[in-house]
Amino acid sequence: MRKTAFITGATSGFGRACAELFAGKGWNLVLCGRRAERLRELQETLTDVEVHTVVCDVRDRVQVQAMVDELPGSHAVIDLLVNNAGLALGMKPAQEADLEDWEIMVDTNIKGLMYMTRALLPAMVARGQGHVINMGSVAGSWPYPGGNAYGGTKAFVEQFSNNLRADLHGTGVRVSNIEPGLAESEFSVVRFQGDRKKADAVYEGTEPLTPKDIAEIVYWIADRPSHVNINRVEVMPVCQTWSPFAIHRKE
Ligand code: NDP
Ligand code: 8X3
């Protein structure tokens, strides 16, 4: 019997790469994102498995619940939720950052992830099996200038994942958190509001992680035997390491 993965943010980057990889491994899919055309195009390429697509903004709690309540019979049993939809907006220091950007990141990366999890967990618990894989970030553990609210949202993802494990003790439901570093996708184009030059500069002269690298990790985590829970994976490209502490010196 085929398993079914529910992947949020499937219209681009990691989510799209996960959809392609899981489809190649024979999983049926539920794919969501806000861009209908992208979902349609993707669905047309995934011909060997059953794919259900839903246009949904994960920030909208009512939409999320309706999307889950209205899953067709063929896709009603979800084995895996990949809570991937998310974004960074801006990189200004906190004292200059746009509050609207902060709110959108909180609404998407925190609240959207909570809504999805809360909507799908009860059925997983009732079945005594299931898996939630959350997309955190190195930004949730390691500070950098301009990371402010984005890093805060990903720190939430880390601790929420740990606390989910505590609540789900004895239920058979697994929870994992992946924390990638520099990876090339539409992430930076979104972060810099469509400024391609700024986005390209982020990856210039580097060999960043690719969406496929992340999809392979998601698949590996999901494919472990059901008694194995990978709690957390932090992954960076070889070209990325930490900075020394920044010391401000008097002139
Ligand atoms: P992309 O911008 O390529 O993809 C982001 C996806 O999230 C898109 O499919 C987008 O779909 C979806 N999305 C954004 N907002 C919403 C929303 N409100 N409702 C539904 N879907 C939404 O970036 P990545 O693939 O790189 O990012 C995926 C995840 O990985 C994010 O959570 C990001 O924070 C995290 N991450 C990224 C890293 C990187 O360097 N790239 C590193 C570490 C973590 P649509 O616009 O169609 O709604
Ligand atoms: C994305 C990685 O370093 O741009 O989560 O915050 S980083």
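**Exercise 1. Contacts of ligand 2**

Find which atoms lie 2.5 Å apart where Tyr 144 meets ligand 2, and then describe the surroundings of this ligand in the predicted model.

*Solution.* Begin with Tyr 144, where a polar atom of the side chain lies 2.5 Å from an oxygen atom of ligand 2. Go on to Tyr 150, which also places a polar side-chain atom by an oxygen atom of ligand 2, at 2.6 Å, and then to Arg 191, for which the corresponding distance is 3.5 Å. As for cover, ligand 2 has 240 Å² of accessible area on its own, and the protein covers 80% of that area.

Next, list the whole shell: the residues around ligand 2 are Ser 137, Ala 139, Tyr 144, Tyr 150, Phe 187 and Arg 191. Sorted by class, this shell holds 4 nonpolar residues, 1 polar residue and 1 charged residue. Since Tyr counts as nonpolar in this sorting, Tyr 144 belongs to the nonpolar class even though its side chain offers a polar atom to ligand 2.

Finally, look at how two members of the shell are placed: the charged end of Arg 191 sits over the ring of Tyr 150, at 5.4 Å from the ring centre.

**Exercise 2. The shell of ligand 1**

Work out which residues come nearest to ligand 1, and how much of its accessible area the protein covers.

*Solution.* There are 29 residues around ligand 1, and those that come nearest are Thr 11, Ser 12, Arg 34, Tyr 150 and Ser 185. For Tyr 150, an N or O atom of the side chain is 2.7 Å from an oxygen atom of ligand 1. For Lys 154, a side-chain N or O atom is 2.9 Å from an oxygen atom of the ligand, whereas Glu 186 uses a backbone N or O atom, which lies 3.1 Å from an oxygen atom of ligand 1. The accessible area of ligand 1 on its own is 880 Å², of which the protein covers 96%.

To see where the shell comes from, turn to the helices: α1, α5 (148-167) and α6 (187-191) each supply at least two residues. By class, the shell consists of 11 nonpolar, 12 polar and 6 charged residues.

**Exercise 3. An aromatic cluster**

Decide how the rings of Phe 22 and Trp 27 are arranged, and find which residues form one aromatic cluster with Phe 22.

*Solution.* The model has a count of 5 aromatic pairs. In one of them, Phe 22 and Trp 27 have ring centres 5.0 Å apart and planes at 90 degrees, and the pair is edge-to-face because the angle is over 60 degrees. Phe 22 also pairs edge-to-face with Tyr 219, at 5.1 Å between centres and 70 degrees between planes. This second pair links distant parts of the chain, as Phe 22 lies in helix α1 (residues 13-24) and Tyr 219 in helix α8 (residues 211-222), 197 residues apart. Taken together, Phe 22, Trp 27 and Tyr 219 form one aromatic cluster.

For the accessibility, recall that buried means under 20%. Phe 22 is therefore buried, at 0% relative accessibility, and Tyr 219 counts as buried because its value is 14%. Trp 27 is buried as well.

**Exercise 4. A histidine in a strand**

Is His 131 buried or exposed, and which side chain does it join in a polar contact?

*Solution.* First locate His 131, which lies in strand β5 (residues 130-135). Because its relative accessibility is 3%, His 131 counts as buried. Its side chain is joined to that of Ser 176 by a polar contact of 2.9 Å.

Technical notes
Residues are numbered from 1 along each chain as its sequence is written. Chains are lettered from A and ligands numbered from 1 in the order in which they are written. Side-chain values use heavy atoms; hydrogens and water are left out. Rings of Phe, Tyr and Trp (its six-membered ring) pair if their centres lie within 6.5 Å; planes under 30 degrees apart count as stacked, over 60 as edge-to-face and the rest as tilted. Buried means under 20% relative accessible area, exposed over 50%, partly exposed in between (1.4 Å probe, protein chains only). Helices (H or I, at least four residues) and strands (E, at least two) are DSSP runs, numbered from the N terminus. A charge sits over a ring if NZ of Lys or CZ of Arg is within 6 Å of the ring centre and within 35 degrees of the ring normal. A residue is near a molecule or strand if one of its heavy atoms lies within 4 Å of it. A polar contact is a pair of N or O atoms within 3.5 Å; within protein, one must be able to donate a hydrogen and the other to accept it, and residues adjacent in sequence count only if both atoms are side-chain atoms. Accessible areas come from the Shrake-Rupley method with a 1.4 Å probe; for residues, only the protein chains shown count as cover.
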